[in-house]
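Trainee: Could you take me through one part of this structure, slowly and closely? I would like to look at the salt bridges.

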Amino acid sequence: MARYTGPLTKKSRRYGVDLVGGDKAFERRPYAPGQHGRTRVKESEYRTQLQEKQKARYTYGVLEKQFRKYYELASRRPGKTGDNLLSLLESRLDNVVYRAGLARTRRHARQLVTHGHFLVNGVKTNIPSFQVSKHDIIDVKAKSLETTPFIVARETHDSDTVPGWLDVSPERGRILVHQNPVREQITVPIQEQLIVEFYSKI
């Protein structure tokens, strides 16, 4: 699946939120890019809803067609569509690797997954969008454990940043999925209701 490969700092500045995580350039210039970046922009309901959708897309590294499929799947599930949408996005394999603290950013996690460093329930899985489920076990391949990214991840791992729906053993390179993520455990600064309102109009 194709993805956006341009500079994410520009997108962070455009939407006023750090889409990367620890983006120093965004912290230095937290206003829109370009020569007119500091000028006031006329707000509208549509613009606000569109921006919220774009924020979610760039945060999780998903293109429009795939994001629309996530929305349609979420709308068919019982419960709140917005909560279901964020749960689906959080359950992507690349995001789980990032949230477990085994990668610096979601882009880095995506790269590690596509390079075939992970097993899901004992099966090699190199699809970043793979949907992780309750009770799944994700392991770093034995050969990969002593490569630089995972050595660094072990040395810098902070268990306090791991969400409650995951259990991580950085020394073993193992992630246990206790449950599917619920809205209270998802910390991304996204107002999912605005995304639902955006798609309900088109």
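How many salt bridges does the count come to?

Mentor: Happy to help! This is a predicted model, where local features need pLDDT of at least 70, side-chain atom pairs count only at pLDDT 80 or more, and totals for chains, interfaces and linings use all residues. Residues are numbered from 1 along each chain as its sequence is written, and side-chain values use heavy atoms, with hydrogens and water left out.

A salt bridge is a side-chain nitrogen of Lys or Arg within 4 Å of a carboxyl oxygen of Asp or Glu. By this rule, the count comes to eleven.

Let's begin with arginine 174 and aspartate 139, whose side chains meet in a salt bridge at 2.7 Å, N to O. This pair links distant parts of the chain, 35 residues apart: arginine 174 belongs to strand S5 (residues 174–177) and aspartate 139 to strand S3 (residues 137–140). Strands here are DSSP runs (E, at least two residues), numbered from the N terminus.

Next, look at accessibility: buried means under 20% relative accessible area, exposed over 50%, and partly exposed in between (1.4 Å probe, protein chains only). Aspartate 139 is buried because its value is 14%, while arginine 174, at 23%, counts as partly exposed.

Now find arginine 154, which forms a salt bridge with glutamate 146, their closest N and O atoms being 3.4 Å apart. Arginine 154 has 16% and so is buried; glutamate 146 has 58% and so is exposed.

Finally, the side chains of arginine 47 and glutamate 43 meet in a salt bridge at 3.2 Å, N to O. Arginine 47 is partly exposed, at 22%, and glutamate 43 is exposed, at 52%.

Conventions. Helices (H or I, at least four residues) and strands (E, at least two) are DSSP runs, numbered from the N terminus.
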